[in-house]
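Biologist: I should like a close look at one part of this model, with attention to its charged side chains. Please take the structure below as the basis for the discussion.

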Amino acid sequence: MKNPKKLRSLKSGMAPGSPVHIGEIKTDKSSVSILDFGSKELIEAVLPDTASLASYVRQNTTLWGNIYGLQDPAVLAAIGTKFHLHPLVLEDILNNNQRQKVDTYENYLYVVLHRYEIGTAPLNLVQDQISLVIGSDYLLTFQERQSRTFEPVRQRLRTDRANLRSAATDMLAYSLFDSVVDSYFVVIENLDDYAERLEEEILGHPGPAVLENIHQFKRCVSQLRRNLYPLRELLGSLHREHAHFFGPDVQLYLRDVYDHTVHIIESLDDLRELATGLLDVHLTTVSHRVNLEVRALTVVATIFMPASLIAGIFGMNFRQMPWLELASGFYFATGLMLTVASIMLVLFWRRR
């Protein structure tokens, strides 16, 4: 993906609310699915094209439209006209580099969420943006690509568990928030498993890529933790500042999702400390291994140091020196070197 800062330069000089797509295109073609439901009936369909949502006539009390792919500003403009969306909302939907936030408009809320997936070979953090428009009798979700994040909510609507069809859109919105937050627990578990494998590798026989893996793990944890703080603020503001959009019964569920988010952030704090600890353990292990190697080389050099001294002495050009004229002088000098080296080796071995 290109640098988001460079991508934002595409809007330089344009008027606020200009519909320009900013970000990576993750689908070849946009698509839309709908769930048109009430207390007695559920209509689920995949529309032939995204523009069909703008002309769709609902059959029941609540409409949930889900759009995959955000690369066509003209189609989003038609949807915006159908549901009376502000141009700034369309601009934010097309910008895939938004922070998680909630904006209040006269008849609806606009919410930006992020979902994440973990790739383990190599470790990387994949982020997708989800935009939600929450109206009184409709809810629109805009996703960069197809995913199964909201599939549990669809299944509850199909079976009408917990009377979700009879509830208002605030309960449906809570269910979507809960699905996104629950997906973070899967990411946390994957990071925990990766940290355990990394720790085993560090304490065992670390390869040359272990340092890079530690830094990548630390980078993923920091990025996820940094992006979760806006989510905590978002969920906290929903039941403090937007009570007119959510009923008293839904407010209790929103506080529960907020508690889950706090728990996730605390888990990420633990993972960040673990990443720092793994780095310290790796550096300590490497330093210890180097010290052992240096100690072994020092012992070898010390053992042969007397031999070098003796060889240096007998290499001096004096006319009169012991053993120079003897036929066995070479063997005496060599034996002396081996004797001294053997004595030192025994002493080192006894002192470990």
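Which side chain meets Glu117 in a salt bridge of 3.9 Å, N to O?

Modeller: The model is a predicted one, and the description that follows should be read in that light. The partner is Arg145, whose side chain meets that of Glu117 at 3.9 Å, N to O. Arg145 belongs to the loop between β7 and α5 (151-159), whereas Glu117 is part of strand β5 (residues 109-120), so their contact ties together parts that are 28 residues apart in sequence. Arg145 has a relative accessible area of 25% and is therefore partly exposed. Glu117 is likewise classed as partly exposed, because its relative accessibility is 35%.

Glu117 also forms a salt bridge with Arg115, and here the closest N and O atoms are 2.6 Å apart. Arg115 is counted as buried because its relative accessibility is 7%, a value under the 20% limit for that class. Glu117 thus has salt bridges to a buried arginine, Arg115, and to a partly exposed one, Arg145.

These contacts belong to a wider arrangement. A network of salt bridges links Arg115, Glu117 and Arg145 with Lys26, Asp128 and Glu144. Over the whole structure, a search finds 14 salt bridges.

Another of these charged contacts joins Arg58 and Asp137, whose side chains meet at 3.0 Å, N to O. Arg58 is located in the loop between α2 (52-55) and β3 (62-68), and Asp137 in the loop between β6 (123-134) and β7 (138-143), so this salt bridge ties together parts that are 79 residues apart in sequence. Arg58 is partly exposed, with 28% relative accessible area, and Asp137 is partly exposed too, with 31%.

Aromatic side chains add a further kind of contact, with a count of six aromatic pairs. One of them is formed by Tyr105 and Tyr108, which are stacked, with ring centres 5.1 Å apart and an angle of 20° between the planes. Tyr105 is buried at a relative accessible area of 19%, just as Tyr108 is buried at 5%; the limit for this class is 20%.

The surface offers a nonpolar counterpart to the charged contacts. Trp323, Leu326, Phe332 and Leu336 make a nonpolar surface patch of about 360 Å². Within this patch, Leu326 is placed in the loop between α8 (248-314) and α9 (329-350), and its relative accessibility of 47% makes it partly exposed.

Key. Residues numbered from 1 in each chain as written. Predicted model: local features only at pLDDT ≥ 70, side-chain atom pairs only at ≥ 80, totals over all residues. Heavy atoms only, no water. Patch = residues over 30% accessible without salt bridge, like charges linked within 9 Å, V, L, I, M, F, W, Y side chains within 5 Å. Areas by Shrake-Rupley, 256 points an atom, 1.4 Å probe, with all protein chains shown as cover. Salt bridge = Lys/Arg side-chain N within 4 Å of Asp/Glu carboxyl O. Helix = DSSP H or I, 4+ residues; strand = E, 2+ residues; numbered from the N terminus. Buried < 20%, exposed > 50% of the residue type's maximum accessible area, 1.4 Å probe, protein only. Phe/Tyr/Trp six-rings, centres within 6.5 Å; stacked < 30°, edge-to-face > 60°.
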